Amino acid sequence: MTSSVLVHAVAVARLPSFDVHAWRSELLERLTAGLRVVTLYGRRSHEKEGTVIITAVLQGADRSLQVLRTCVDAQLGYHELTTERPALHCFERELHEQTGLRVAAHPWLKPVRFQGQAQAAMNDYPFYRIEGKEVHEVAVGPIHAGVIEPGSFRFMCQGEQVHHLEIQLGYQHRGVEARLLQLPPARLAPLIETIAGDTSVAHTWAYCAAVEQLCARELPLEVEVARAVALELERIAMHLATLSGLAADIGFLQGATSYGRLRTTAINTLMLLCGSRFGRGALRPGGTGMSLSSELLPQVLDNLELLRVDLAIINDCFLSARTVRHRLREVGVLSRERALQLGVVGVVARASGVACDARDGVSQGAYQVQPVALCTAAEGDCFARAQVRIAEMDASLGWLSIMLARHPGFARSRPPLPALAPGQLVVSIVEGFRGEVVHCLETGASDTLVHYKVQDPSLRNWMGLALAVRGNEISDFPICNKSFDLSYCGHDL
Amino acid sequence: MSLLKSLRVRASQGSQYVADLRSAVPRGFRGLPVISDASCASECRACAEVCPTRAIALSPVTLDLGRCVFCNECVQVCPQEKIAFSANPRMGGGTREQLLVRQEAEEVMKVRASATFSKLFGRSLKLRQVSAGGCNACELELNALANVNFDLQRFGIEWVASPRHADALVLSGPITVAMANAVQLAWDAMPEPRFLAVVGACAISGGLYEHAQSVERGFLGHVGPALYVPGCPPHPLTFANAILDLLGVA
């Protein structure tokens, strides 16, 4: 395969069958041996009533993926792993919520998104409470003061300090995963593009790569490059949106306006290629909906040059301004140790000194012919997250100029695809601007999907935000929130 | 030192605003569809069948902008080039009916100006946005209206933080079950006179989520929108032109 993104396929029948106890100890053993959990999820078994099939995907240091599967009685369940391995917290909560599986002794089985019947009880679920002298609580949401998505935040404060922040999400839950199984598998792209509309390209690429794997279809490098061009433009545009918001939140108006208008240039460049400022229609299974003609090329290159020149000027101003450093340094700190413990991903992890990027070290495709620099920072504070975003924009711009010099044109392509291979499980991972987007597709006996699991990086990172706010003031929250810039709808599905 | 850096930013920034929002056409944008007079092959239903939101009706071919997600699938399957998307961003409508694009459609769609709205809000309009299942694309485009490029504040149109301060509710998303009550509360908190604008295919028709399990659109059964802004997401120019049309601003 030539895929630029990490894709792993296994025949479901060939997976070793573990009973739940063996699965649990095998999982722990491999995590102890240094593997990283990519995802863990379940579905109600169609074959055996009352049982749940749990799939865990792990990644080794060499980037290779491993799948561990078990089938367990929903009533019996298994003993929780979150206490030992906090990185599993969101997965076990989601597993319990989506399948009804008993996860015994779990410390906090609050639904992650209150889907289905649980929705009615959403407002009744108790938040954590603290009691004592100088203790007070502040509730915010679901509707916020800005033009943003809804979510509920409960601050538990001691005097001026936030003791704990509990984030309750689910307000954006539309039922994406269920809907994905109701439509023909090759025609899901428009829906996939709206899972998290600010990172459409990343999600759609994960979907396309998985479907192409199921069809055993290899793509020409030209298509891979076109997709990567869209992904990097999306990354630049959204990092600019985050920086613009962050600058506005600290009252640094030159940053807010400059990053804001440069984002216009970035998304307008994407629109030149695919007709949409958000990359809608840019990727389709088997090909792309993007074209770069010789008439268009000078405009695209001019835009990239403008971004390069003007970004350097505002970055210099922003990063060296005392007011910026003073406001962002040592605020919202997520230590490296905690980042590893929680299993946060993407920009958040890299800004806490964890070197993880799905584009790094790939063995084939667009990022192999021209690697893109891995950007990290050590401090884990709001300033570090801004620094990483700025460094990543520079890296993406550099990558784009080299690749567009080598591939100065590409055309739309939409070859028909064969039927999906039956009985397969495919995992695909794409590094979106927030972090790794993971899609897991499983085909049944025929060429239809029996399960589609979507995972936005936000699922794992929201808890990072909750912990980063501890010990800060409430007035630091907007800055912390913006520096994480997580997705509500991508989490809520 | 920092002053010099600020001055450099100021010099590089120059003047960024779109001078005339009313005539601007975004290059490369997949906007208002145009239906040609080409005759369809007999029994051909390719465009209608491939449409993910069933936005296309046949004989004669009609496209519902309130459902269209501008995915371009219909164009790609049509053997006759019956449908093409132009770069024209002006697509807003004052009624649901107005969003139907027919073969003999006018080149520019215009929301009918309301003398009442013009008098009430023509010089100052405060908007409260609520996302109820929106995917953050509509929200980002609505936010962009306040950036230095589109600068809708030049017309006295601004986003406000509270429904108490708002003249209009700008709704995005298909309305999730979990947000249904919050949308109603936000509307109830708005003083009269007030109106509702629905933005994007999800809010107008349910769009891709019309049949999703966790969507509850009852609110729109008893509050009728005064303005429909189609798109997936709508371009800032689509929203700006629709609202300026409605207010009768030239």
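**Figure 1. The largest pocket of the predicted model.** In this predicted model, the largest pocket has a volume of about 1300 Å³. Its lining counts 46 residues, and those closest to the centre of the pocket are Ile148(A), Gly245(A), Asp249(A), Lys482(A) and Asn143(B). Both chains give elements to the lining. From chain A, strand 7 (135-140), strand 8 (152-158), helix 6 (221-249), helix 7 and helix 15 (477-484) each supply at least two residues. From chain B, strand 6 (125-131), helix 5 (137-144) and strand 7 (157-159) do so as well. Helix 6 of chain A gives the largest share of this lining, namely seven residues. By class, the lining of the largest pocket comprises 26 nonpolar, 12 polar and eight charged residues.

**Figure 2. The second largest pocket.** The second largest pocket holds about 760 Å³ of space. Of the 35 residues that line this pocket, Arg36(A), Gln59(A), Leu340(A), Val354(A) and Cys356(A) lie nearest its centre. Strand 2 (36-44), helix 10 (336-342), helix 11 (346-351) and strand 12 (424-431) of chain A are the elements that give two or more residues to the lining. Helix 10 of chain A provides the largest share, which amounts to four residues. The lining of the second largest pocket is made up of 19 nonpolar, seven polar and nine charged residues.

**Figure 3. The interface between chain A and chain B.** Here 57 residues of chain A are in contact with 59 residues of chain B. Val147(A), Arg174(A) and Arg261(A) supply 15% of the area that chain A buries against chain B, more than any other three residues. The area buried between the two chains is about 4800 Å², and carbon and sulfur atoms give 54% of this area.

**Figure 4. Polar contacts, salt bridges and elements at the interface.** Between chain A and chain B there are four salt bridges. In a salt bridge between Asp316(A) and Lys5(B), the closest N and O atoms are 3.3 Å apart. The count of residue pairs in polar contact between the two chains, with both residues at pLDDT 80 or more, is 28. On the side of chain A that touches chain B, helix 3 (176-180), helix 4 (189-192), helix 7 (253-274) and helix 8 (297-320) of chain A each supply at least two residues. The largest share of that side, 10 residues, comes from helix 7 of chain A. The residues of this side of chain A fall into 24 nonpolar, 19 polar and 14 charged.

**Figure 5. A salt bridge between two strands of chain A.** Over all chains, a search of the whole structure finds 40 salt bridges. One salt bridge joins Glu442(A) to Arg43(A), with the closest N and O atoms 2.8 Å apart. Glu442(A) belongs to strand 13 (residues 436-443) of chain A and Arg43(A) to strand 2 of chain A, so the pair ties together parts that are 399 residues apart in sequence.

**Figure 6. The loop around Ser59(B) and Pro60(B).** Most residues other than glycine have a negative phi, and most peptide bonds are trans. Ser59(B), by contrast, has a positive phi of about 35° although it is not a glycine. A cis peptide bond joins Ser59(B) and Pro60(B), with omega about -5°. Pro60(B) lies in the loop between strand 2 (56-57) and strand 3 (62-64) of chain B, and Ser59(B) is likewise found in the loop between strand 2 and strand 3 of chain B.

**Figure 7. The cis peptide bond at Pro193(B).** Glu192(B) and Pro193(B) are joined by a cis peptide bond, for which omega is about 0°. Pro193(B) is located in the loop between helix 6 (177-188) and strand 9 (195-199) of chain B.

Note on methods. Residues numbered from 1 in each chain as written. Chains lettered and ligands numbered in written order. Predicted model: local features only at pLDDT ≥ 70, side-chain atom pairs only at ≥ 80, totals over all residues. Heavy atoms only, no water. Contact = heavy atoms within 4.5 Å. Buried area = accessible area lost by both parts, 1.4 Å probe. Salt bridge = Lys/Arg side-chain N within 4 Å of Asp/Glu carboxyl O. Polar contact = N/O pair within 3.5 Å; in protein donor to acceptor, adjacent residues only side chain to side chain. Nonpolar A, V, L, I, M, F, W, Y, C, P; charged D, E, K, R; others polar. 1 Å grid on protein atoms, 1.4 Å probe; cavity = no way out; pocket = protein on both sides within 12 Å on 5 of 7 lines; lining within 4 Å. Points joined across faces, edges and corners; volume = space filled by probe spheres on them.
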